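Biologist: I should be grateful for a close look at one part of this structure, namely the packing of its nonpolar residues. Please set out in connected form what may be said of it.

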Amino acid sequence: MSTAITARPTPSLLAWALLILLGIIWGSSFMLTNIAVREFPPMTLAALRLALAAVLIGAVAVGAGARLPRSNRLWAFALASAIIGNVLPFWLISWSQQHIPSALSGLLMAPMPLISLLLAHFLVAGERMNLPRVIGFCAGFAGIVVLIGPGALALIGGGGGFAQLGQLASLGAMLGYAINGIVIKRAAAPDALGISVAILALSALIAAPLAFALETPNLAAVSLEGWGTMIALGIGATAMGQILLMKIIALAGPPFLASVNYQVPLWATVFGVALLGEALDPAFWIALALILAGLAIAQLGGRLSGRRGRV
C-alpha cells in the first residue's frame with residue numbers, strides 16, 4: 001500500500017495581507033473599547049455594536065444571497081453562540097476595561113486557542129492532545145499564572161480594588177470565545193454567512209433588553225468621540241472582522257486563520273502603550289513571552305498531527 005502526504009496550499013499574499021489586517025482590527029478593538037466605555041455603560045456598548053454589526057452583515061448577506069439557518073438544531077447552536085461568543089464576552093471585556101489597561105485585556109485573550117485545544121480534545125472527534133500541545137498548554141497556563149498571581153502584575157497608576165476582578169472578567173471573555181469556537185465547529189453550518197447573521201441578530205436582541213434592565217444609559221450625553229469609537233467597534237471589529245474571518249478561511253483554511261492569535265495581543269499592546277499611554281509591569285512581558293511560546297509549540301503539535309492524519 002502506498003502512502004502520500006497532501007501538503008496544505010501555501011497561503012497567498014492576499015491571505016497574508018487580510019490576516020495582518022484582521023489582527024490589527026481585532027487588536028485595536030481593545031483600545032477602542034477602553035475609550036468607548038468611558039461614556040457607554042458596558043452592556044449598552046455591547047448591545048449597540050452588536051446591533052450595528054447585525055444590520056451591516058445582514059445587508060451583506062442579502063446581497064450575497066445567503067440563507068438563514070433552516071433547522072431548529074442550527075438555531076439552537078446560533079443561540080448558544082450568541083450568548084457565549086458575543087453577549088457575555090463583549091460585556092465582560094467592556095466591564096474589565098473600566099479597571100485594567102486595554103493592553104492587558106488584549107493579552108488575556110491570547111490563551112484562547114490553547115483552551116480551545118483542551119476543550120476540543122474532549123468534545124471534537126479527531127482533535128486529540130499530543131505532547132507538543134500539552135507542553136504549549138502548560139506554557140500558556142504558566143503565563144496566566146505569572147499575570148494574575150498575587151503581586152505578579154502591579155498596574156502603574158492604578159491596581160488594587162477591582163483590578164484583579166477586571167483580569168478575571170477578561171479571562172472569562174477568553175473562555176467564552178474558546179467555548180464558542182467549539183460550538184461553531186460542532187454546528188457545521190452549510191452557510192457561514194447565513195448563520196453569522198443569525199448569531200449577530202440574536203446577540204443584539206439579547207443584549208438590548210439587558211442593557212436597559214441593568215443600566216441607565218444617557219445616550220444624549222455621549223460625545224462625538226464616544227459615538228465614533230462605538231461605530232468603529234461595530235463596523236470594524238465586529239462586522240468587518242467577521243467578513244475578513246470568512247474570507248481568510250475561504251482562501252487559506254482555519255489553521256492559517258488561527259495564527260491571528262499571535263497578532264492580537266501584540267497589536268493590543270502597541271495601541272494601548274503608544275496611543276493610550278499605558279504602562280505595564282515587566283511581568284506583562286514575561287507572561288506575553290510564555291503565552292506566545294505556548295501558542296507556537298501547540299501549533300507545531302497541530303501540524304504534526306495533521307501530517308500524520310493525511311498519511
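Modeller: Beyond its neighbours within four places in sequence, Ile 248 is in contact with Leu 18, Leu 19, Leu 22, Gly 253, Phe 256 and Leu 257. These contacts belong to a predicted model. Ile 248 is also one of three residues, with Leu 45 and Leu 107, that touch the most other members of the largest nonpolar core, a group of 51 residues. The greatest contribution to this core comes from helix 1, residues 13-36, which supplies 10 residues. Apart from this core lies another, of 18 residues, including Met 43, Ala 61, Ala 239 and Met 246. In soluble globular proteins, nonpolar side chains tend to be buried together.

The setting of these cores is a protein with 12 helices and 0 strands. Of its 311 residues, 49% count as buried. Among the contacts with a separation of 6 or more, 88% are made by residues 24 or more positions apart. The protein exposes about 14,500 Å², and carbon and sulfur atoms supply 71% of that area.

Tyr 177 offers a further example of contacts between distant parts of the sequence: Tyr 177 and Gly 85 are 92 residues apart in sequence, yet their C-alpha atoms are 5.1 Å apart in space. Tyr 177 is placed in helix 7, residues 163-187. Leaving out residues up to four places away in sequence, Tyr 177 touches Ile 84, Gly 85, Pro 89, Phe 90, Ile 93, Met 109 and Met 112. Tyr 177 nevertheless counts as partly exposed, because its relative accessibility is 24% and buried means under 20%.

Methods. Residues are numbered from 1 along each chain as its sequence is written. This is a predicted model: local features need pLDDT of at least 70, side-chain atom pairs count only at pLDDT 80 or more; totals for chains, interfaces and linings use all residues. Side-chain values use heavy atoms; hydrogens and water are left out. Helices (H or I, at least four residues) and strands (E, at least two) are DSSP runs, numbered from the N terminus. Buried means under 20% relative accessible area, exposed over 50%, partly exposed in between (1.4 Å probe, protein chains only). Contact means heavy atoms within 4.5 Å. Accessible areas come from the Shrake-Rupley method with a 1.4 Å probe; for residues, only the protein chains shown count as cover. A nonpolar core is a set of buried Ala, Val, Leu, Ile, Met, Phe, Trp, Tyr and Cys residues joined through side-chain atoms within 4.5 Å.
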